[in-house]
Amino acid sequence: MRIEEIVSTTKAQRVAAHSHVKGLGLDDDGSAKPSASGLVGQINAREAAGVVVDLIRAKKLAGRAVLLAGPPGSGKTAIALAVSHELGSKIPFCPMVGSEVFSSEVKKTEVLMENFRRAIGLRIKEVKEVYEGEVLELTPYEGDNPVGYAKAIQHVEVSLKTAKGVRKLKLDPTIYESMQKEHVNIGDVIYIESNTGAVRRMGRCDVYATEFDLEAEEYVPLPKGDVHKKKEIVQDVSLHDLDIANARPQGGNDIVAMLGAMTRPKKTEITEKLRKEIDKMVDRYIDQGIAELVPGVLFIDEIQMLDLECFTYLHRALESQISPIVILASNRGTCEVRGTDGIQSPHGLPMDLLNRILIIRTEPYTAEDMAQILKIRADVENVQLDPAALQSLVETGVSASLRYAVQLITPAKFHAEVQGTDTVQSDSIDMMRGLFLDAKQSSRILAEKSDVYMK
Ligand SMILES: Nc1ncnc2c1ncn2[C@@H]1O[C@H](COP(=O)(O)OP(=O)(O)OP(=O)(O)O)[C@@H](O)[C@H]1O
Ligand SMILES: [Mg+2]
């Protein structure tokens, strides 16, 4: 089993609709500020989410589930993402949407299982032999390439400095490649693992701290002790990272492996057997005190898209020994549970699952809250709104939906630009309201003109 050099498989978050949300905006005593960290109003739900964050940090909530329930556009997804910001990067947070389980290549429960394992972290502490220090010199030496015409790097000389002294190392070209990947420059503090040759850049040496203050560099002190030493290295990985690292055939340095890595692999199912083996290994590491389990958060948005099979699976997974905290979101009232013949249930969740869930309600917004949210969104989208235009947007939000109002901002800006103004006036908003319909208007038209549409 391999645990070194595991590529993280954390999903990148680029949810532009919520890019203004930076956290829950709570005070130290856990009470919600009226407007902070990009969130406005929704006081009860935010405070409840704050308690959930505390419980998660104290590792008291593993294997539990929380449901965010409320009407569309009331900020459920926004609050869940705020929770992820509050938890920081050390606790895994895996977002998914209910409909992701429908894939032609992979079973529904397999998708759920994969995301469950993404949400369970493992902090591995290992003592490794490393060469560590500030880079004083980095000189690649070229020689004739035995297989081609161009020159190739034969070896690299690196001088590393610590508080105790300087040591010069002669290294293999593959280590030079990994140095380039980490963007190692002279003056950086790095370490090289002596048995694998893996290079990690820790930051810039703090003697250079006053050099420029333009970039967001992390400055680290000059390492103490010898250059060659034993060092405790902490690595955060998820169980899914481990699954993936051990499922793919390990590539070498030859051309075939390189091409293989370039053509994206097809989505493979990780076998149950492999997972069992990984779990066994993880158990062993935990017993030996090398690793520590960090239950994170699995967030399933649009939970009503799941069907009975998935719910049953979810229920079972929550009961299992290692389970993350599961946060669900639903905008449904009482409706049919998918995959049953007409069983009605609140939020579209089966009753037995619902019974073990804590529910956080989100309320519809008041006009004042909407005005604030629209202002924040306009700032994020770099749009200046005339007060009358904002008022018009708020009215739209109240009569149609907040989301519809948010979506009108940028199109209205284009209209204003064509008119030759920088600030969006209310006539641009009216224009866009005429061009784009919201759901209610559209369904009214469908009902009125039902005879001209196909059945
Ligand atoms: N309290 C809030 N403060 C700031 N922005 C908010 C707040 N609530 C919602 N928003 C913003 O309003 C928009 C709609 O909210 P969101 O997508 O979170 O609704 P939702 O409850 O998940 O709706 P749905 O049930 O349709 O998924 C988003 O752009 C969101 O960032
Ligand atoms: Mg949502």
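**Terms and values in a predicted model**

Me: Where does Gly 296 lie?
Reply: Gly 296 sits in the loop between strand E12 (291–295) and E13. Helices (H or I, at least four residues) and strands (E, at least two) are DSSP runs, numbered from the N terminus. The model is predicted: local features need pLDDT of at least 70 and side-chain atom pairs count only at pLDDT 80 or more, while totals for chains, interfaces and linings use all residues. Residues are numbered from 1 along each chain as its sequence is written, chains are lettered from A and ligands numbered from 1 in the order in which they are written, and side-chain values use heavy atoms, with hydrogens and water left out.

Me: Why is Gly 296 called buried?
Reply: Buried means under 20% relative accessible area, exposed over 50%, and partly exposed in between (1.4 Å probe, protein chains only). Gly 296 has 0% relative accessibility, so it counts as buried. In sequence, Gly 296 and Arg 117 are 179 residues apart, yet their C-alpha atoms are 9.5 Å apart in space.

Me: What makes H3 a largely enclosed helix?
Reply: Of its 11 residues, 10 are buried, so H3 is largely enclosed by the rest of the structure. Among the buried residues of H3 are Glu 110, Glu 114, Arg 117 and Arg 118, along with Leu 112 and Phe 116.

Me: Which residues touch the most other members of the largest nonpolar core, and what makes a set of residues a core?
Reply: A nonpolar core is a set of buried Ala, Val, Leu, Ile, Met, Phe, Trp, Tyr and Cys residues joined through side-chain atoms within 4.5 Å. The largest one has 29 residues, and Ile 300, Ile 303 and Leu 328 touch the most other members. Elements giving two or more residues to this core include helix H3 (108–118), strand E13 (297–301), helix H8 (308–319) and strand E14 (325–330). H8 supplies the largest share, six residues.

Me: How do you know which residues are near ligand 1?
Reply: A residue is near a molecule or strand if one of its heavy atoms lies within 4 Å of it. There are 20 residues around ligand 1, and Val 40, Lys 76, Thr 77, Tyr 365 and Arg 403 come nearest. The shell divides into nine nonpolar, eight polar and three charged residues, where Ala, Val, Leu, Ile, Met, Phe, Trp, Tyr, Cys and Pro count as nonpolar, Asp, Glu, Lys and Arg as charged, and the others, Gly among them, as polar.

Me: Why is ligand 1 said to lie between domain 1 and domain 3?
Reply: Domain 1 (35–119 + 296–361) and domain 3 (367–448) both give residues to the shell, so ligand 1 lies between them. The bounds come from an automatic or database domain assignment.

Me: What makes the pair between ligand 1 and Thr 77 a polar contact?
Reply: A polar contact is a pair of N or O atoms within 3.5 Å; within protein, one must be able to donate a hydrogen and the other to accept it, and residues adjacent in sequence count only if both atoms are side-chain atoms. A nitrogen atom of ligand 1 is 3.0 Å from an N or O atom in the side chain of His 20. For Ser 74, a polar backbone atom is 3.3 Å from an oxygen atom of ligand 1. For Thr 77, an N or O atom of the side chain is 2.7 Å from an oxygen atom of ligand 1, so this pair meets the cut-off.

Me: How much of ligand 1 does the protein bury?
Reply: Ligand 1 exposes 630 Å² when taken alone, and the protein buries 96% of that. These areas come from the Shrake-Rupley method with a 1.4 Å probe; for residues, only the protein chains shown count as cover. Strand E2 (39–40), helix H2 (76–87) and helix H12 (402–419) are the elements that give two or more residues to the shell, and H2 gives the most, three.

Me: Is His 415, in helix H12, buried or exposed?
Reply: His 415 has 13% relative accessibility, so it counts as buried. Its side chain makes a polar contact of 3.0 Å with that of Ser 428.

Me: What makes the phi of His 183 worth a remark?
Reply: Most residues other than glycine have a negative phi. The phi of His 183 is near 55°, a positive value. His 183 lies in the loop between helix H4 (173–181) and strand E8 (188–193) and is exposed, at 61% relative accessible area. His 347 also has a positive phi, of about 60°, but at 12% relative accessibility His 347 counts as buried.
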